[in-house]
Amino acid sequence: MNGIIRYSSLFFVFVYSMCVTAQDILIDQGGIHVQCSGKVYDSGGPSGMYGLNENHEVTICAVGDSCVELTISNLDLEYLSDFITIHDGPTTNHPVLNNFSGTNAPQVCESSVNSSGCITIVFKSDGAGVKQGFEVEIDCIECDQSQIAN
């Protein structure tokens, strides 16, 4: 009985640490990530350049009833050739919140209540050249209750 409790406790600590630890994500890892902290980088990571002809997407979902807030802290893409598109929901079928190219970008994008608190980030590069890429910070915030449909 003691062994079962010990292994159950160890399993709980492992799973809990996996859920609350900030994880940095490279866009080419793809998938759905449920987290409220960390960063999303281009495929080159925090210090490298992204590659030619990339087409990647990753979805970030908030924990619980929260909404995702993304802060674009670094943006250096080929202007009008390489793009980040942010969708308000868990797939690319959801509405586009914004498109980014070049070095100009608003600072913050937030998911809405209607999208289940998820944001999907799509990155596409062409075959002509590359730059430093992007860094996007992940946070969870209280959802704007005015967005809840009656």
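What share of the contacts in the chain with a separation of 6 or more is accounted for by residues 24 or more positions apart? The share is 73%, and the views below visit some of the links between distant parts of this predicted model.

**View 1. Welcome to the whole chain, with one helix and ten strands.** Start at the N terminus and you meet the helix, after which the elements run on as strands. Of the 150 residues, 39% count as buried. The accessible surface comes to about 8,400 Å², and carbon and sulfur atoms hold 53% of that area.

**View 2. Here Y50 meets F123 in an aromatic pair.** The two rings sit edge-to-face, with 4.9 Å from centre to centre and 80° between their planes. Y50 lies in the loop between β3 (39-41) and β4 (55-61), while F123 belongs to strand β9 (residues 118-124), so the pair ties together parts that are 73 residues apart in sequence. Y50 counts as buried at 3% relative accessibility, and F123 is buried too, at 0%. Look for F134 as well: ring pairs link Y50, F123 and F134 into a cluster.

**View 3. A disulfide joins C36 to C140.** A disulfide is a covalent bond between the sulfur atoms of two cysteines. In this link of C36 and C140, the distance from S to S is 1.9 Å. The angle about the S-S bond is -85°, and the link of C36 and C140 is left-handed. You will find C36 in the loop between β2 (32-34) and β3, and C140 in strand β10 (residues 133-141), 104 residues apart. C36 is partly exposed, with a relative accessible area of 25%, whereas C140 is buried at 17%.

**View 4. C61 and C118 form a disulfide between two strands.** Their sulfur atoms are 2.1 Å apart. This link of C61 and C118 is right-handed, with 105° about the S-S bond. C61 sits in strand β4 and C118 in strand β9, 57 residues apart. C61 is buried with a relative accessible area of 9%, and C118 is buried at 5%.

**View 5. Finally, C67 pairs with C143 in a disulfide.** The sulfur atoms of C67 and C143 are 2.1 Å apart, and the link is right-handed, with 110° about the S-S bond. C67 lies in strand β5 (residues 67-76) and C143 in the segment after β10, 76 residues apart. Both C67 and C143 are buried. The structure holds three disulfides; counting bonded cysteines along the chain, their pattern is 1-5, 2-4, 3-6.

Notes:
Residues are numbered from 1 along each chain as its sequence is written. This is a predicted model: local features need pLDDT of at least 70, side-chain atom pairs count only at pLDDT 80 or more; totals for chains, interfaces and linings use all residues. Side-chain values use heavy atoms; hydrogens and water are left out. Helices (H or I, at least four residues) and strands (E, at least two) are DSSP runs, numbered from the N terminus. Buried means under 20% relative accessible area, exposed over 50%, partly exposed in between (1.4 Å probe, protein chains only). Contact means heavy atoms within 4.5 Å. Accessible areas come from the Shrake-Rupley method with a 1.4 Å probe; for residues, only the protein chains shown count as cover. Rings of Phe, Tyr and Trp (its six-membered ring) pair if their centres lie within 6.5 Å; planes under 30 degrees apart count as stacked, over 60 as edge-to-face and the rest as tilted. A disulfide is a pair of cysteine sulfur atoms within 2.5 Å.
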